[in-house]
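Open the structure in your viewer and keep the selection tool ready. The stops below say what to select next and what is there.

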Amino acid sequence: EIHLLKTNTFNFFWLLLLIVPLGLVGYYVKDKFRKKEREKPIFDNSDYIQLGNFKFYTANNVLKAEHKTISLSEKETKALKIFAENKDQVVEREKLMKEIWEDEGIVVISRNVDVLVSKLRKKLSDDNSLKFINVHGRGYKFVIE
């Protein structure tokens, strides 16, 4: 009878050793998910760049027009931000290649820039006042007419 009591106590002890860490892990994971929910993008009207009819939310990789939201990739966001900061100026292909890819250790060819600009043109096609002008042998100029 004494032996049986020791076995039950032993099992109870191991059960506690298992439940307590699992409970702590569960609490930690639940707290992580709650933080994620609070961090969901809230479109703050002061945190965008106006590009023609679009509001460009760089932190959220999003373009918003009146009734439309367009998602951008990280690279599209980086490129559009560079163009927005250098509006009406020629942005050299090399600058785009360096800031979008090479700073992350990726070496690319200038064709990658052309493809990226093509994708941006399509995504911005709803607003005819936004144009990417190819400057032969140099890069692109972003203009808002």
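Select helix α2 (residues 74-85) and α4 together; this is a predicted model, and in it the two axes come within 10 Å and cross at roughly 80 degrees. An angle of 65 to 115 degrees counts as roughly perpendicular, so α2 and α4 are roughly perpendicular to each other.

Now show the side chains where these two helices touch. From α2, pick Lys75, Glu76, Ala79, Leu80 and Phe83. They meet Leu116, Val117, Lys119, Leu120 and Lys123 in α4. Sorted by class, the residues of this contact of α2 with α4 are 6 nonpolar, no polar and 4 charged.

Keep α4 on screen and add helix α3 (residues 93-100). The full range of α4 is residues 110-123, and its axis and that of α3 come within 9 Å, crossing at roughly 85 degrees. That angle makes α3 roughly perpendicular to α4. On the α3 side the contact is made by Arg93, Leu96, Met97 and Ile100, and on the α4 side by Ser110, Val113, Asp114 and Leu116. Here the contact of α3 with α4 has 5 nonpolar, 1 polar and 2 charged residues. Leu116 is worth a label, as this residue of α4 appears in the contact with α3 and also in the contact with α2.

Stay on α3 for the next selection. Which residues of α3 are buried? They are Arg93, Leu96, Met97 and Ile100. Why are they on the same side of α3? They cover an arc of only 100 degrees around the axis, which puts them there. Display the elements that the buried residues of α3 pack against: α2, β5 (90-92), α4, β6 (130-135) and β7 (139-144).

Three of those elements lead to the next stop. Select β5, β7 and β6, in that order: they make up an open sheet of 3 strands with antiparallel pairing. The edge strands are β5 and β6, each of which pairs on one side only. On average, neighbouring strands of this sheet are turned by 30 degrees against each other, direction ignored. Between β6 and β7 the pairing is antiparallel and runs over 6 bridges. To find one place in it, select Ile133, whose bridge partner in β7 is Lys141.

Bring the helices back over these strands. α2 lies across β5, β6 and β7, and runs at about 65 degrees to β7. α4 packs on the sheet as well, where it touches β6 and β7, and the direction of α4 makes about 160 degrees with that of β6.

The last stop is another sheet. Select β1, β2, β3 and β4, which follow one another in that order in an open sheet of 4 strands with antiparallel pairing. At its edges are β1 (49-51) and β4 (68-71), each pairing on one side only. The twist averages 25 degrees from one strand to the next.

Start at the β1 edge: β1 and strand β2 (residues 54-57) pair in the antiparallel sense over 3 bridges. Click on Leu51 and then on Phe54, its bridge partner in β2.

Move to strand β3 (residues 62-65), which 4 bridges join to β4, the two running antiparallel. β3 and β4 form a hairpin, with 2 residues between them. End the tour at Ala65, which stands opposite Lys68 in β4.

Technical notes: Residues numbered from 1 in each chain as written. Predicted model: local features only at pLDDT ≥ 70, side-chain atom pairs only at ≥ 80, totals over all residues. Heavy atoms only, no water. Axes fitted to C-alpha atoms, helices over the stretch in contact; angles between N-to-C directions. Parallel < 35°, antiparallel > 145°, perpendicular 65-115°, else oblique. Contact = heavy atoms within 4.5 Å. Nonpolar A, V, L, I, M, F, W, Y, C, P; charged D, E, K, R; others polar. Pairing = 2+ DSSP bridges. Buried < 20%, exposed > 50% of the residue type's maximum accessible area, 1.4 Å probe, protein only. Arc of directions from axis to C-beta.
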